[in-house]
Every structure is written in C-alpha cells, then in structure tokens.
Amino acid sequence: MNRKSIVVSYISENPSLISEPIKLARLIISETDGEYSLKELIKEIKETVSELLSDDGDKDGYNTVIISHKTIRTKVDNEFDGNPSAAARAMGLPERTVRRWYNQPNKKTKDVRGYVVTYAQNDTPVHLGFYKSLLKYCKQHNYELIVYKGKYRNPTSIIESKKEDVSWDDKVKPYLLDSRRSLNSKIGIYPAMTNPTAVRPLSGFDVHTGDKSGIFPHPKYQLKTIATPSKSMPKILTTTGAITVPNYSKSKAGEKAKIHHIIGAVVVEIVDEKRFHMRQLSADKDGSFFDIAGGAVAKYSPSGITGNHGLETLVLGDLHHPFIDKNALKASMDQIERFKPKNLFLHDVLDCWAVNHHSRSDRFLNTAKLNHGVMDIEKEVDGSVDLIATLAASMKGRVHIVPSNHDDALDRWLHDEKLDNLGVNSAYFHYLSYNKHLSARPVITGFSFIDAYQFSAREKLDAKYDKSITSRVSFIKRDTPVMIKDVDFSMHGDQGSSGARGSALGLSKIGVKSVIGHSHSCQVIDGCYQVGVNALIPLGYAKGANSWTFTNCFQYSNGKRTLITSIDGKYYL
Ligand SMILES: [Fe+2]
C-alpha cells in the first residue's frame with residue numbers, strides 16, 4: 001500500500017484529526033512501525049485532505065473516505081469559533097474550499113431553529129422524565145439538543161477516586177459535546193470547565209467570551225450580565241442546569257451542590273447572525289417543564305405535550321415613567337395579552353424625575369425642566385397612574401405595585417425640599433404633606449405614616465378609573481411578603497437584610513426565593529432572579545459601559561421561573 005492510500009485510510013478512520021496533521025502522522029508512524037518519515041507524512045496528509053475536500057464524489061479511489069460537510073461544519077464551529085478562514089489556515093487548506101464546505105446552502109442549519117443546551121455528569125444516570133420531555137420538546141420545535149460532558153470525581157469514594165475511565169449515560173451519547181461551539185456571532189457555548197460543586201460557576205469568566213454572550217454548562221443556575229461599551233448590547237453569561245440526577249460526595253461542598261442542582265437546560269433561539277432569544281427550562285420532579293416556544297405556554301412532559309397554559313406571574317423590568325422604552329413596553333404588553341398572567345408585578349413605576357433628589361441642586365437641569373414644562377411632579381404621578389391602569393385593563397389578574405426607591409423619592413422630596421423652592425409643585429407638595437401629617441399612627445417602635453406615592457396613586461386611580469380595574473390593583477407595603485408558589489415578589493431589591501443596601505447576592509442568602517428589580521441588569525443568583533428594565537437604556541444618570549437589559553421574569557403554574565429578554569420588541573422566535 002502506498003503512502004497516499006495509508007493516509008486516506010487513516011483519515012477515513014480518524015476524520016477528527018484532519019486539522020492535526022502532526023498528531024495524525026505520529027499515529028500512522030506508531031501503527032506502521034515507523035515505515036514513513038514524519039515530514040513526508042505531514043506533507044501527504046495536507047495534500048490529501050485538500051484533495052478530498054475538493055472532491056464532490058468518487059474520484060481517484062477516494063470514495064471510501066468520508067469527510068462530510070457536517071464534519072467540516074462541526075469542526076469549524078467547535079474548534080474555530082465558526083470562522084472558516086481561521087480553520088483553513090490552521091488545517092493548511094485553501095480558504096475557498098473550507099468556506100464552500102462550511103457554507104453549503106440549506107445544509108448548515110437545516111430546519112434547526114434553536115439549541116437546547118444542558119449538562120451531563122459522568123457515570124451518572126439521566127433524569128429519565130426530563131430526558132423524555134426534552135426529546136419531545138426538541139422534536140416539536142426543531143431544536144438541536146446539545147449535552148455537554150461534565151466531569152466530577154467523588155473524593156469521598158475510594159472506588160471512584162481510583163477510577164481512570166469515565167463514561168456518560170448511553171441515552172445522551174448521541175448529543176454529547178465537550179468543545180467550544182459558536183451559535184452565532186454573538187453567542188457561544190464553552191466546555192464545562194467548572195467543578196459541579198462550584199458555588200459561583202460563572203466566576204472569572206467575564207472576559208473569557210470576548211464580546212460574545214456565553215453558555216457555560218453547569219448543574220447549577222447562575223446568570224449575569226457583563227457591561228459592554230454603551231452603544232452595544234451587554235453580554236449575558238449563563239449556566240444551564242443538568243440532565244443527570246444529583247450525584248455528589250458526602251461532604252459540605254457536595255451537600256451544598258445537591259441543594260442547588262437544577263434538572264434543566266437553556267434554550268437559545270437564533271434570530272440571525274447577531275440576535276438570539278434565550279430562556280431557562282426548569283423541570284419539575286417528574287421531569288416535565290413549561291416553555292413559551294412558538295409564542296404559547298405549553299407543558300412538556302414524559303407522556304406528551306399540552307397547551308393553553310397561562311402564566312402564574314409576570315414581573316416587568318423597572319418602568320421609570322415617563323422614560324418608558326416603547327419597544328420594551330410593546331413586548332411586555334404582548335406578554336400580558338398573550339399569556340394572561342394571574343399576577344403582574346411592577347417596579348419603579350415612577351421615575352420621579354421632576355423632583356428627584358439626585359438633580360435637586362443642578363441649576364441648569366432644573367431651569368431646563370422649568371422652561372420645558374416637565375417640573376410638574378403631579379403630572380408625572382398622573383402619567384404613572386395612567387400606565388398602571390392601561391396595564392391592568394389589558395388583563396384580568398391582579399396588579400401589584402412593588403414599593404421601590406424611585407417611588408419613594410416622592411417621600412424624600414416631602415422631607416427634604418425647602419419650602420421656598422416649590423414652584424409649580426407647591427399645592428401638590430402641601431396636599432401630600434398635609435395627608436402625611438394626618439396619617440401618623442403610633443406603633444410599637446414609633447409612628448407609621450402613609451407612603452406618599454402609594455397614597456396619591458391610589459387616590460388618583462380610584463378617582464379616574466372604573467372599579468373593575470382599580471379593585472385589581474394593590475400597593476404592597478414594605479416588609480410585607482407576597483408569596484406565590486414559594487417565591488416572594490414583594491421586594492424591589494434596594495433594601496437588603498437588617499438595614500443593609502439591597503443586592504441580588506444579599507437577597508439570595510435569605511433562604512426565600514425571590515424576584516427583584518432595581519439594578520436594571522438581569523441576573524440569577526441561587527434563588528434570587530433579578531429583572532432588567534422597560535425604560536430607556538441608559539437613563540440619563542447612567543453613564544459609561546452598560547449592562548442593562550429589557551428583561552422580565554415569568555413564573556409558570558408549577559412555580560418555576562425564567563428570565564425573558566426582548567430585543568427590538570421581540571422575545572421569542
Ligand atoms: Fe429602577
């Protein structure tokens with residue numbers, strides 16, 4: 001057998017080594033007792049691969065070699081970040097050839113509309129119910145299932161700690177991957193590099209993905225946004241949840257990981273080369289889960305798919321009237337009308353820009369506000385009440401106004417403003433102050449007073465709108481939990497525990513699941529989910545790099561949550 005035939009035969013058996021001619025040549029040498037020289041073999045491999053890639057059918061006896069378009073595309077995606085030029089250079093092949101193979105029309109994506117990404121731990125059984133539900137889901141929507149190999153060695157087991165080989169449940173073998181894969185130019189999946197017991201699995205990856213969003217397969221949910229230069233979309237880093245059941249050591253780290261182990265996945269729908277929609281799929285004990293694929297809430301379970309489910313709860317990203325982003329609100333209105341939530345939660349309904357303490361001493365801004373007729377805080381409150389009524393009128397469920405720091409700015413104004421500086425707001429100021437004085441009630445730790453925004457908004461709402469709307473609007477009092485399916489929706493996120501400043505990290509430790517607003521950057525830390533905004537990005541006071549997103553939070557009827565981010569008013573494919 002001549003050298004070319006040998007090379008062809010080895011390429012046929014080891015197509016994954018076509019980009020590593022040295023490795024392939026060494027393999028040939030080792031298995032042919034050093035019959036050939038390394039240099040000659042490398043030359044032969046490079047030429048042969050080039051010829052093979054150029055051929056569309058049988059030619060010169062190479063018909064036994066199978067290097068399919070799919071192999072090339074997978075290789076370019078996985079190892080060269082979807083860049084055919086880089087792949088061609090690394091493989092020593094003509095760029096045009098690799099590009100042609102990579103871009104074969106109608107073959108690269110077929111009908112794949114999205115990708116479902118999850119994590120499988122070695123030597124651990126899959127959650128059968130979730131596995132079955134996931135297959136039904138992927139088939140129904142033409143999503144490709146990708147399962148990343150996760151490795152974990154149980155240090156408290158003598159048998160496992162000495163075991164050399166690892167393997168994965170046979171059920172997920174057709175879907176396994178452990179190399180980087182690009183989904184479009186703005187999002188990629190990265191191999192499972194972090195120990196499954198890691199408390200913060202995304203820690204240290206902020207710059208790892210360049211300007212792309214990144215999926216890091218891991219059995220625990222964590223999601224965060226990373227600020228990018230102000231005119232570009234922030235990038236999102238997320239983990240995935242797992243398709244395998246919890247299997248951890250009997251140790252502190254193992255026990256903690258078991259508590260946060262999520263049977264779940266993330267789905268990424270590809271809109272175009274730059275845009276995508278991403279959602280969490282969190283399974284119940286039986287492996288079933290809900291999702292909005294195709295624009296309808298359906299339940300995917302081992303026994304089948306059922307539709308016509310509504311939402312239990314919808315939490316909108318902070319509103320900040322009058323600075324509403326029209327597209328973000330359009331997406332939110334569509335969600336309300338389409339999914340008919342039983343509960344709607346609103347954060348920072350009012351921006352309180354007219355009298356906000358942050359700009360009280362800004363002479364130029366205040367003069368401009370005055371000259372343009374936007375210093376009237378009562379008008380601003382009126383507008384926010386109209387917004388609440390509009391949202392309430394578009395649904396049948398309850399609307400809850402979450403006490404928030406920007407709404408509270410109205411109270412701060414009553415406390416701090418100088419009486420000779422009231423201008424157009426004088427009458428409203430005195431009216432609110434009068435009612436605040438009257439509301440004083442002794443309590444065990446001092447006195448309680450009305451919340452100025454809640455008092456005024458309630459009064460205005462009741463005066464202007466029909467009871468069929470107003471009776472469904474509630475104003476939540478501070479420190480009064482509103483629990484729905486074991487999740488507390490009452491906190492804005494500005495106040496933490498024991499008087500500390502609030503944060504998702506702090507509130508993730510209070511032992512109660514929550515959905516909060518406030519930071520305008522969506523994230524998930526343990527049981528705490530944080531929404532983004534429905535306001536303009538960025539608002540006037542936010543300078544520099546931006547991590548804000550148009551993100552709402554859904555809660556399905558089984559209590560599971562997902563973050564939904566809209567782009568140009570769209571949020572699903
Ligand atoms: Fe806010």
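1. A good place to start is a single pair of residues, since Ala120 stands opposite Lys149 in strand β2. Ala120 belongs to strand β1, where, in this predicted model, it is one of the residues on a face made up of Gly114, Val116, Thr118 and Ala120. The pairing around it is extensive enough to count, for 8 bridges join β1 to β2 (residues 143-150), and these two strands run parallel.

2. On another side of the pairing pattern, β1 is joined by 4 bridges to strand β9 (residues 264-270), and here the two strands run antiparallel. As an example that can be found in the structure, the bridge partner of Tyr115 in β9 is Val268.

3. These strands belong to an open sheet of 5 strands, whose order is β3-β2-β1-β9-β10 and whose pairing is mixed. The edges are taken by β3 (176-177) and β10 (276-282), and because each of them has a single partner strand, one side of each is left without a neighbour in the sheet. Helix α7 packs on this sheet, where it touches β1, β2 and β9, and its direction makes about 140 degrees with that of β2.

4. How is strand β1 placed with respect to the rest of the structure? Of its 8 residues (114-121), 8 are buried, so the strand is largely enclosed by the rest of the structure. A residue is called buried here if 20 or more other C-beta atoms lie within 10 Å of its own. Both faces of β1 are covered, with Gly114, Val116, Thr118 and Ala120 buried on one side, and Tyr115, Val117, Tyr119 and Gln121 buried on the other.

5. The connection from β1 to β2 also deserves attention, because β1, helix α7 (residues 128-141) and β2 together make a right-handed β-α-β unit. In the loop between β1 and α7 lies Asp123, which has a positive phi of about 50 degrees although it is not a glycine. Most residues other than glycine have a negative phi. Asp123 is partly exposed, with 17 other C-beta atoms within 10 Å.

6. A second open sheet should be described separately: it has 6 strands in the order β19-β16-β15-β14-β25-β26, again with mixed pairing. The strands at its edges are β19 (473-475) and β26 (561-565), and since each has a single partner strand, one side of each is left without a neighbour in the sheet. From one strand to the next, the twist of this sheet averages 20 degrees.

7. Within this sheet, strand β15 (residues 343-346) and strand β16 (residues 398-401) run parallel and are joined by 4 bridges. A student who wishes to locate this pairing may look for Leu344, whose bridge partner in β16 is Val399.

8. Which helices lie across these strands? Helix α10 (residues 326-339) lies across β14 (313-315), β15 and β25 (551-555), and it runs at about 175 degrees to β14. Helix α12 (residues 377-393) lies across β15, β16 and β19, and it runs at about 150 degrees to β16.

9. The loops on either side of α10 each contain a backbone feature that a careful reader should check. Pro322 has its place in the loop between β14 and α10, and a cis peptide bond, with omega of about 15 degrees, joins His321 and Pro322. Lys340 is found in the loop between α10 and β15, and its phi is near 45 degrees, a positive value in a residue other than glycine. With 16 C-beta neighbours inside 10 Å, Lys340 counts as partly exposed. As background to both features, most residues other than glycine have a negative phi, and most peptide bonds are trans.

10. A helix pair can be examined as well: the axes of helix α5 (residues 84-91) and helix α6 (residues 95-102) come within 8 Å and cross at roughly 130 degrees. The two helices are therefore oblique to each other, and their crossing is right-handed. The residues that meet are Pro84, Ser85, Ala87 and Ala88 in α5, and Glu95, Val98, Arg99 and Tyr102 in α6.

11. Finally, some figures for the whole chain set these details in context. The secondary structure comes to 17 helices and 26 strands, and the C-alpha trace spans about 100 × 55 × 40 Å along its principal axes. Buried residues make up 43% of the 573 residues. Among the contacts with a separation of 6 or more, 67% are accounted for by residues 24 or more positions apart.

Methods:
Residues numbered from 1 in each chain as written. Predicted model: local features only at pLDDT ≥ 70, side-chain atom pairs only at ≥ 80, totals over all residues. Pairing = 2+ DSSP bridges. Axes fitted to C-alpha atoms, helices over the stretch in contact; angles between N-to-C directions. Contact = placed C-beta atoms within 7 Å. Buried ≥ 20, exposed ≤ 12 C-beta atoms within 10 Å, placed from the backbone. Parallel < 35°, antiparallel > 145°, perpendicular 65-115°, else oblique. Left-handed = near helix turned anticlockwise from the far one by under 90°.
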